[in-house]
Structure formats: C-alpha cells, structure tokens
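Colleague: I'd like a close look at one part of this model. Please start from the charged pairs and work outward from there.

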Amino acid sequence: TVMYPHCMTVMGNDLIVAGNFKLAGTQTVNGIARWDGTAWHAMGAGFNGTVYAVSMFQGELYAGGAFTQSGSTPLSCLAKWNGTAWVDPGFKTFYNDVSAYSFIHTLKEIKGNLFFAGGFDRIVFNSDTLQCQAIGAFTGTTMDTLFGGLPGFEVEGIAYYQGGLYASGGSNNSNSYIA
C-alpha cells in the first residue's frame, strides 16, 4: 500500500505515484514509486522530503516537491529522472529569504511548456538568477518567468482554460485566490 499519495502520472506502461510515503508495498521508495501493473518498484533513492508533483515533459519525467536531495545528489525542489536516478533538471527554485519554506506543488505540461508552481521567488537557470514569484515555465531550452509571476503569493494549482492560464493558491493559510 502507498500511504498519502499527492500526484500520479503515466510513464510508458507504468503508473508513477508520488507523495509523502516511505514504502510502496514492501519496497522502500522514499516518496515516489513505479507500478508496473503487478508490483511496486523504487525509482532510484527517492527523495528526502515530500513529492507533491510529477509530470511528463518532452518524453522525460520530472518531479517537484519539498525535497533537497535524492540519495547524495543535491536538488532544489525539482528533479528529472534519467532512467536510473534523479538528477538536477538544469534549473532550481528557492526563496531569497532562506527561512522561507520553498516547494514545488504543481508540474504540468501546457502548450509545449513545463509549467511549475509553488512557493519560491527565485529561479536559477544556466548561470542566471531570475526573480519570479510562485510560477514559471520551462520550454526545454529557455525559461519564462511569466512577467515575474505573482508577487506575494504561492501557487498550488494551474490549468489552461479557454485560451488562458489560471493559477490558484494564496498568500497564507487564511486566504486564497484564482488568477
């Protein structure tokens, strides 16, 4: 059994389940597991924190959450599966205020871009640190900060609806929004 899954996606013929759990069946998986229709399988070392989101993008699997590493590989809330291990996807998110809780809550491919959303106000891409609050998009080769994101907010859900991108979340636990 997998306890407390947050997100699922399909990779090839397998179901990928991510969340806040250590075991899938009897396998130690640390927050992310692969179900082949018969048995659970670990995906590398898993993560040292909760995995909130998984998504396929350009044929590759990405994971986002509140983690800082997979095994001995340092990460910053985002990772890409290389077939045997979780690796740095080439970009990172974080809060400039190191006491703030950074996380990625949602990953979603929309119109050929990997949108990512959560709690952050900086993106590191290549050698550039970009100011961007709570939401951004990766094209596969470039980064889009969506005009700086949504300053003062955290984003937990995103959807493309009737030609527009919608984001939902809040600035704290007592208020919420849809933009």
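How many salt bridges does a search of the whole structure find? Please take the pair formed by Asp-14 and Arg-34, and show me its surroundings.

Modeller: The search finds four salt bridges. The term means a side-chain nitrogen of Lys or Arg within 4 Å of a carboxyl oxygen of Asp or Glu. Some ground rules come before the details. This is a predicted model, where local features need pLDDT of at least 70 and side-chain atom pairs count only at pLDDT 80 or more, while totals for chains, interfaces and linings use all residues. Residues are numbered from 1 along each chain as its sequence is written, and side-chain values use heavy atoms, leaving out hydrogens and water.

Now your pair. Asp-14 and Arg-34 form a salt bridge in which the closest N and O atoms are 2.9 Å apart. Asp-14 sits in strand 2 and Arg-34 in strand 5, so the bridge ties together parts that are 20 residues apart in sequence. Strands here are DSSP runs (E, at least two residues), numbered from the N terminus. Asp-14 is buried, at 16% relative accessible area. Arg-34 is partly exposed, at 22%. The cut-offs are under 20% for buried and over 50% for exposed, with partly exposed in between (1.4 Å probe, protein chains only).

The two strands are also joined through the backbone. Strand 2 (residues 14-19) pairs with strand 5 in the antiparallel sense, over four bridges. Pairing requires that DSSP finds at least two bridges between two strands. Strands of a sheet pair through backbone hydrogen bonds, either parallel or antiparallel. In this pairing, Ala-18 stands opposite Ile-32 of strand 5.

Step back to the whole sheet. It is open, has four strands in the order 1-2-5-6, and pairs antiparallel. Strand 1 (5-11) and strand 6 (40-42) are at the edges with a single partner each, so one side of each has no neighbour in the sheet. From one strand to the next, the twist averages 30 degrees. Angles of this kind run from 0 to 180 degrees between N-to-C directions, on axes that are lines fitted to C-alpha atoms.

Ile-32 deserves a longer look. It belongs to strand 5 (residues 32-35). Its relative accessible area is 0%, so Ile-32 is buried. Which residues does Ile-32 contact, leaving aside its neighbours within four places in sequence? They are Ile-16, Val-17, Ala-18, Phe-21, Met-43, Gly-46, Phe-47, Val-54, Ala-63 and Trp-86. Contact means heavy atoms within 4.5 Å. Thr-73 is not on that list. Ile-32 and Thr-73 are 41 residues apart in sequence, and their C-alpha atoms are 16 Å apart in space.

The approach to strand 5 has its own detail. Asn-30 is in the loop between strand 4 (27-28) and strand 5. Its phi is near 55 degrees, a positive value in a residue other than glycine. Most residues other than glycine have a negative phi. Asn-30 is partly exposed, at 25% relative accessibility.

Gln-162 makes a useful companion case. Its phi is near 45 degrees, again positive in a residue other than glycine. It is in the loop between strand 20 and strand 21 (164-172). At 71% relative accessibility, Gln-162 counts as exposed.

Back to the charged pairs, for comparison with yours. Among the salt bridges is one between Asp-88 and Lys-92, with the closest N and O atoms 2.7 Å apart. Both ends are partly exposed: Asp-88 at 32% and Lys-92 at 30%. Another joins Arg-122 to Asp-121, where the closest N and O atoms are 3.5 Å apart. Here Arg-122 is buried at 15%, and Asp-121 is buried at 16%.

One more antiparallel strand is worth setting beside strand 5. Strand 18 (residues 135-138) is covered on both faces, with Ile-135 and Ala-137 buried on one side and Gly-136 and Phe-138 buried on the other. It runs antiparallel to strand 15 (residues 113-119), joined by four bridges. Gly-136 is the bridge partner of Phe-116 there. Two bridges link strand 18 to strand 19 (residues 143-144), also antiparallel. Phe-138 stands opposite Met-143 in that pair.
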